[in-house]
Amino acid sequence: MRRLVDELCERYRKEIVDVACKLIELKAISPDYNGEGELDKAEYVESLLNEFEVNRYDAKDERAKGGVRPNIVAKVFEGEKMLWIVSHLDVVPEGDLTLWETNPFKAVVKGDRIYGRGAEDNNQAIVSSLFAGKVVKEILEKGFEPNIGFGLVFVSDEEAGSDYGIKYLLKKGIFDKNDLVVVSDAGNERGDEIEIAEKSILWLKFKVHGIQSHASTPKLNANRRAMEFLLELDKILHDKFDAKNEIFNPPYSTFEPTKREKNVENVNTIPGLDVSYMDCRILPDYDIEEVLNVVKEVKEKFVKRDGKPIDFEVLQANSSPPTPENSEVVERLRKAIKLMRNLNAKPVGIGGNTCASFFRQFGIHTAVWGTFLGNAHKPNEFCSIENIVKDAKVFAILPFI
């Protein structure tokens, strides 16, 4: 079986490159980031799935082209229990164009690399899973019997919260709690890490009030007050939530002040309002509510001290249980990686957030895996053709392990 999978995947190498290049040219940016959505890209992907049982589930979104955010579910082989490979259609915006050496939405092939926005995140997974499905279909036609059903899922809206993507599909009851899921949206360069846990994510927005005045006669400077507040909050959070878990990198919770909104136009005016944001990635040892309680305590201390309000808003809060290390999906993936790549894969946790979190909340054992070079969201993003083919081989052998 190993040799058969290897040979069939290699036959698709040229087609794999062609499809990967085409996907880059089909912009799929969320309306949240001033894009038109994923419709064009979804229709192209759907056109490549003729040999499978395909259903499309369109989440309504009037902001997007066609008024929908499409999600594709393709069954390669029906089984009492299904194993799904999940990837996402949307990409992030290109960012600063001056940092790109090529047109971000025009694929460029240089040796083993394909350059363009979305090349690695997440077109690589779209292509590797799609061609794995084609290989599985060919193997079935040769008379081999899988021991589990096999399907592909291509979702929208992963980069902006998943409300129109995997959350939408889970609410519609597409998946069974006994299903197994592999989300191909994180991994390392060797392909020997299986993500089984994600830190909780908490995004906060703070509005710190002061008194606007001339800079020569300062009253309560909202800028300085915000810096003092954020620095004290940062220290207290790190001191209180200081547990370590070596499965994660970094092995501790992080609390990072990030974005800051523009305040006054001129240099000689003291701002009366500062709007800042914090990104928190919290180890599963702690509940998000514990963190929020500390934020409230520090906020109240500053309100009492200065007599001016500090408002805060939770922009995103998400947590999920880990997938057991000895679960079927992890063991099956380990065996496939060993068989096709001769690697001993180890379980890890990540600080990022993927579709896996929502499957785990639903009670479905989910592993995250792929061979990635770490180019997601960067200028001059690229993927490795060899990694696409290697990952396709692992996915294709999974239903026969």
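Biologist: Why is the meeting of the side chains of R225 and D306 called a salt bridge?

Modeller: A salt bridge is a side-chain nitrogen of Lys or Arg within 4 Å of a carboxyl oxygen of Asp or Glu. The side chains of R225 and D306 meet at 2.7 Å, N to O, and because that value is within the 4 Å of the rule, the pair is called a salt bridge. The two residues belong to distant parts of the chain, with R225 in helix α6 (residues 222–240) and D306 in helix α7 (residues 288–306), 81 residues apart. Please keep in mind that this is a predicted model, in which local features need pLDDT of at least 70 and side-chain atom pairs count only at pLDDT 80 or more, while totals for chains, interfaces and linings use all residues. Residues are numbered from 1 along each chain as its sequence is written, and side-chain values use heavy atoms, with hydrogens and water left out.

Biologist: How do you know whether R225 and D306 are buried, partly exposed or exposed?

Modeller: The relative accessible area decides, with a 1.4 Å probe and protein chains only: under 20% is buried, over 50% is exposed, and anything in between is partly exposed. R225 has 2% and is therefore buried, whereas D306, at 21%, counts as partly exposed.

Biologist: What makes R13 a residue that ties together parts distant in sequence?

Modeller: R13 forms a salt bridge with E386, the closest N and O atoms being 3.1 Å apart. E386 lies in helix α10 and R13 in helix α2, so this pair connects parts that are 373 residues apart in sequence. The side chain of R13 also meets that of E10 in a salt bridge, at 3.0 Å from N to O. As for accessibility, R13 is at 24%, E386 is at 27% and E10 is at 28%, so each of these residues counts as partly exposed.

Biologist: How many salt bridges does the rule give, and which residues are linked in a network?

Modeller: The count comes to 35 salt bridges, and a network of them links D32, E38, D61, R63, R69 and D157.

Biologist: How do you know that the length of helix α2 agrees with its number of residues?

Modeller: Helices (H or I, at least four residues) and strands (E, at least two) are DSSP runs, numbered from the N terminus. The expected span of a helix is 1.5 Å times one less than its number of residues, so the 13 residues of α2 (residues 13–25) should span 18 Å. The C-alpha atoms at the ends of α2 are 19 Å apart, which agrees with that expectation.

Biologist: Which residues of α2 are buried, and what do they pack against?

Modeller: The buried residues of α2 are I16, V17, V19, A20, C21, L23 and I24. They pack against several elements, including α1 (2–11), α4 (119–141), α10 (385–397) and the strand β4 (108–110).

Biologist: Why are α2 and α4 described by the word chosen for their angle?

Modeller: Two packed helices are described by the angle between their axes and the distance between the axes. Axes are lines fitted to C-alpha atoms, for helices over the stretch in contact, and angles run from 0 to 180 degrees between N-to-C directions. Angles under 35 degrees count as roughly parallel, over 145 as roughly antiparallel, 65 to 115 as roughly perpendicular and the rest as oblique. α2 and α4 pack at about 140°, with their axes 10 Å apart, and are therefore oblique to each other. In contact terms (heavy atoms within 4.5 Å), E15, I16, V19, A20, L23 and I24 of α2 meet A119, N123, I126, V127 and F131 of α4.

Biologist: What makes α1 oblique to α10?

Modeller: α1 and α10 pack at an angle of about 135°, with their axes 9 Å apart. That angle makes α1 oblique to α10. Among the residues that meet here are V5 and C9 in α1 and V389 and A392 in α10.

Biologist: How do you know whether V291 and R11 are buried or exposed?

Modeller: V291, in helix α7, has 0% relative accessibility and so counts as buried. Leaving aside neighbours within four places in sequence, V291 is in contact with L202, L237, F241, F255 and I282. R11, found in helix α1, has a relative accessible area of 63% and is therefore exposed.
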